[in-house]
Amino acid sequence: MELRRTKTGSAVFVLLPKRVAELLRSLPNSHPDFFFWDGMVANRILTDNWRQSLKRLAQLAGVDGFHPHRMRCTFAVEQLLKGTSIEDVADMLGNTPEVCARHYAPLAKQRRERLGMLSKQGWDDEMVWQEPVQ
């Protein structure tokens with residue numbers, strides 16, 4: 001059994017940095033092919049368990065109003081800000097490029113504009129550079 005996205009039916013994979021994968025492999029595990037699943041639990045239970053674990057982690061970190069979908073949005077926007085194409089982000093999320101363009105590209109544009117404004121504010125005080133006194 002494998003987990004598939006509801007909307008597209010594409011398989012779900014979690015890419016891990018090499019060091020994280022090495023650490024996970026060093027832990028005792030009941031199933032040699034999975035880190036986060038024992039191969040026995042139904043898909044619905046698996047996703048519910050993940051959702052609850054992430055919410056608990058957010059609570060411990062002091063993050064109010066957390067929903068796991070926020071991580072998806074953050075991931076998509078960060079990828080777009082780094083120059084990843086809409087098509088590639090769509091593939092990573094299991095969406096169409098049109099959905100990504102509609103939902104995530106405007107957020108990336110707003111963030112770029114906000115960061116640009118904040119950067120400009122830092123220069124507006126005219127005290128950024130002062131000639132040294134001789």
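This report describes the fold, the buried positions, the salt bridges and the surface patches of one protein chain.

## Overall architecture

The structure is a predicted model, and every value given below is computed from its atoms. The chain has six helices and zero strands, so that, read from the N terminus on, its elements follow the order α-α-α-α-α-α. Of the 134 residues of the chain, 15% count as buried. The accessible surface of the chain comes to about 10800 Å², and carbon and sulfur atoms make up 58% of that surface. Where contacts join residues with a separation of 6 or more, 33% of these contacts are between residues 24 or more positions apart.

## Helix 3 and its surroundings

Helix 3 spans residues 69-81, and three of its residues, A76, Q79 and L80, are described here in turn.

A76 is found in helix 3 and has a relative accessible area of 0%, therefore counting as buried, since the cut-off for that class is under 20%. Once residues within four places in sequence are left aside, A76 is in contact with V89, L93 and Y104. For one of these partners, V89, the separation from A76 is 13 residues in sequence, while the C-alpha atoms of the two are 6.3 Å apart in space.

Q79, also a residue of helix 3, is buried because its relative accessibility is 17%, which lies under the 20% cut-off. Leaving aside neighbours within four places in sequence, the contacts of Q79 are with T84, V89 and M92. V89 therefore appears among the contacts of A76 and again among those of Q79, as judged by heavy atoms within 4.5 Å.

L80 lies in helix 3 as well, and with a relative accessible area of 9% L80 is buried. Not counting residues up to four places away in sequence, L80 touches S85, I86, V89, Y104, A105, A108 and R112. Of these partners, I86 and V89 fall within helix 4, which covers residues 86-93, whereas A105, A108 and R112 fall within helix 6, which covers residues 105-123. The C-alpha atoms of L80 and C100, which are 20 residues apart along the chain, are separated by 9.7 Å.

## A pairing across the sequence

S10 is found in the segment before helix 1, and at a relative accessible area of 26% S10 is partly exposed. The C-alpha atoms of S10 and N95 are separated by 9.5 Å, although the two residues are 85 residues apart along the chain.

## Salt bridges

How many salt bridges does the structure hold? There are two salt bridges, and they are set out in the table with their N to O distances.

| Acidic residue | Basic residue | N to O distance |
|---|---|---|
| E22 | R19 | 3.6 Å |
| E113 | K109 | 4.0 Å |

E22 and R19 are three residues apart in helix 1 (residues 18-25), and are therefore separated by about one helical turn. Of this pair, R19 is exposed, with a relative accessible area of 54%, whereas E22 is partly exposed, with a relative accessible area of 36%. The second pair, E113 and K109, lies in helix 6, where the two residues are four residues apart, or about one turn of the helix. E113 has a relative accessibility of 48% and counts as partly exposed.

## Surface patches

On the surface, E87, D88, D91 and E98 gather in a patch of negative charge. Which helix gives the most to the negative patch? That helix is helix 4, which contributes three residues. D91, one of the members of the patch, has its place in helix 4, and its relative accessibility of 60% means that D91 counts as exposed.

A patch of another kind is nonpolar: L115, M117 and L118 form it on the surface, and together they have about 240 Å² of accessible area. M117 lies in helix 6, the helix that also holds the salt-bridged pair E113 and K109. With a relative accessible area of 42%, M117 is partly exposed.

Methods. Residues numbered from 1 in each chain as written. Predicted model: local features only at pLDDT ≥ 70, side-chain atom pairs only at ≥ 80, totals over all residues. Heavy atoms only, no water. Patch = residues over 30% accessible without salt bridge, like charges linked within 9 Å, V, L, I, M, F, W, Y side chains within 5 Å. Areas by Shrake-Rupley, 256 points an atom, 1.4 Å probe, with all protein chains shown as cover. Salt bridge = Lys/Arg side-chain N within 4 Å of Asp/Glu carboxyl O. Lys, Arg positive; Asp, Glu negative; His and termini not counted. Charge placed at Lys NZ, Arg CZ, Asp CG, Glu CD. Buried < 20%, exposed > 50% of the residue type's maximum accessible area, 1.4 Å probe, protein only.
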